[in-house]
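Student: I have a model open and would like to go through it. Can we take it step by step?

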Amino acid sequence: MYSAEDGRRQQPDEETALLASPERKALKVPTPLPTLQIFVLLLMQLAEPITSNCIYPFINQLVSELDITGGDEKKVGYYAGLIESLFFATEAMFIMQWARISDRIGRKPVLLTGVGGLCISMLFFGLSKTFTGLVISRCIVGMLNGNIGVIKSMIADLTDSSNMAQGFAMMPVMWSIGGTLGPLIGGQLAKPHDRWPDVFTSPFWQYYPYFLPCAASAVFSAVIFCIAAAFLRETVPKATRKKMVRFASDDTLVNVDPSEASSDIPVRALLTHPVLWSVANYASLAFLEISYRAIQPLFFSTPIEFGGLGLPPSTIGLILGSFGIMDGIFQALFFAKFIDRWGPKRVFQVGMSMFIVLYPLFPAMNVLARTGGMSCYVWALVILQLAVLVIVDMSYGCSFIFVTSAAPNKRSLGATNGVAQLAASVVRAIGPAAATSLFALSVEGNWFQGYGVYAIFTVLSCLFMLVGIPLPRRAWSNDDDDDS
């Protein structure tokens, strides 16, 4: 916790004060984590990847069946990509505002609003029968959800320098779990009337074939809402709310972390070369990765004759869910070891180079499917692509190291991470719409025999690798003291 007078961490009670006593610090004994509070925050984080990934297995079929494209299967990518991009576009518009509000009214009401928004949005999405309805539901979830940044701030409120790494360690794992459960829910529960006609006999399930997976993810968010409302404790004291940092003028940035509330950070002082290069690499990674994730389910669902594999939503869900399991296990077992041995720059560059392998695998799979159907060779390439993507995901942990170490001083850490998150949200809003539109244009215009989109993103992958050259081998060195 933090006081308004000196911006320093204040422990909420005597017990935690003893845990952070000078004697404990002298022994370098980590302060025990508030397990229940961290667990509730991780559950709240889990709700977002489940709801965001739930729609991927069936979004392309939904767009096709709603007759949004007028029966033209080649145009599905335009509309599917736009729907996928809307979440990140509205999130980019509101994420900094939610951070400011959490400083003023507290973390808990903002987090509850975000989880409630996820629930409402998914119900609307499952009941939407028009393109406008789909658009509005995705805008709602993006507008109401600033939870990732606020969750990071709340974990910082609950931890100190001795246990902060432990507090943040589970966040990537939870995202992988959500990335596994979301596609499984979306793929396995879509069209329940067709899969289990003896159970889902009502005409409702025929008229709303994708409501069940949306409702399942909404129920999960509702349960998390109740748990958080009952057990999550506020970390911003009432006395210091409304005294946190604000936008003092158009040349200052709000700090996401309340520990930074004692100082406004001028933009010119914040945007140093290390910060710019670190944010540029983070944005490059986010753009290539979100573009790939938008193309992947579209490619899987598109008929073979139009450049895809023609897989049903249930199979797509299993494939995407399998990646989540592979990724979570791999990151937990090997990421820290690779960083210790080779340093974050090398690991980051290897991960970024894997995009040059990922995108050409799409046309290779389609060529094999055209000649021999869904043979074992096609499935081998599908598995290979998932394994390569696991290596790509290591780049995210490396980019966080560079962004954090690039902050001009400790007081600017919150603002630096806020800028990085904003940049990532912007490119993630552009990526899906751009990627799926290029997919549709490549098929319609027969660019490179329909594979033009993969050639474009392979070239971009090569160019974006150059952005990582100025990065240091380990981390940016900063001689600034916290009190300077």
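Student: How many nonpolar, polar and charged residues are in the lining of the largest cavity?

Tutor: Keep in mind that this is a predicted model. The lining consists of F348, Q349, M352, F464, M465 and G468. Phe and Met count as nonpolar, while Gly counts as polar. By class, that gives four nonpolar, two polar and no charged residues.

Student: Which helix gives the most to the lining of the largest cavity?

Tutor: Two helices each supply at least two lining residues: α15 (313-353) and α19 (452-465). One of them leads, with three residues. That helix is α15.

Student: How much space lies in the largest cavity?

Tutor: The whole structure was searched for cavities of 30 Å³ or more. The search finds one. The space in the largest cavity is about 30 Å³.

Student: Which helix brings the largest share of the largest nonpolar core?

Tutor: This core has 80 residues. Those with the most contacts inside it are F58, F125, I295, F299, L309 and F457. The largest share, 14 residues, comes from residues 376-406, and that stretch is helix α17.

Student: From which domains does this core draw at least three residues each?

Tutor: Look at the domain bounds. One runs over 33-235 and the other over 268-478. The core draws at least three residues from each, so the names to give are domain 1 and domain 2.

Student: How many residues are in the other core, apart from the largest one?

Tutor: Find L46, L112, M171 and L232. They are among the members of this other core. Its size is 22 residues.

Student: Is V141 buried or exposed?

Tutor: First place V141 in helix α7, residues 131-144. Its relative accessible area is 3%. Buried means under 20%, so V141 is buried.

Student: Which residues does V141 touch, not counting residues up to four places away in sequence?

Tutor: Sequence distance can mislead. V141 and T51 are 90 residues apart along the chain, yet their C-alpha atoms are separated by 9.4 Å. For touching, heavy atoms must lie within 4.5 Å. The residues that V141 touches are F87, G117, L118 and S121.

Student: What percentage of the residues in the protein is buried?

Tutor: Now take the whole protein. It has 19 helices and two strands. Of its 484 residues, the buried ones make up 54%.

Methods. Residues are numbered from 1 along each chain as its sequence is written. This is a predicted model: local features need pLDDT of at least 70, side-chain atom pairs count only at pLDDT 80 or more; totals for chains, interfaces and linings use all residues. Side-chain values use heavy atoms; hydrogens and water are left out. On a 1 Å grid over the protein atoms alone, a cavity is a set of points where a 1.4 Å probe fits but cannot get out, and a pocket is an open set with protein on both sides within 12 Å along at least five of seven lines; lining residues have an atom within 4 Å of a point. Grid points are joined across faces, edges and corners, and a volume is the space filled by probe spheres set on the points. Helices (H or I, at least four residues) and strands (E, at least two) are DSSP runs, numbered from the N terminus. A nonpolar core is a set of buried Ala, Val, Leu, Ile, Met, Phe, Trp, Tyr and Cys residues joined through side-chain atoms within 4.5 Å. Buried means under 20% relative accessible area, exposed over 50%, partly exposed in between (1.4 Å probe, protein chains only).
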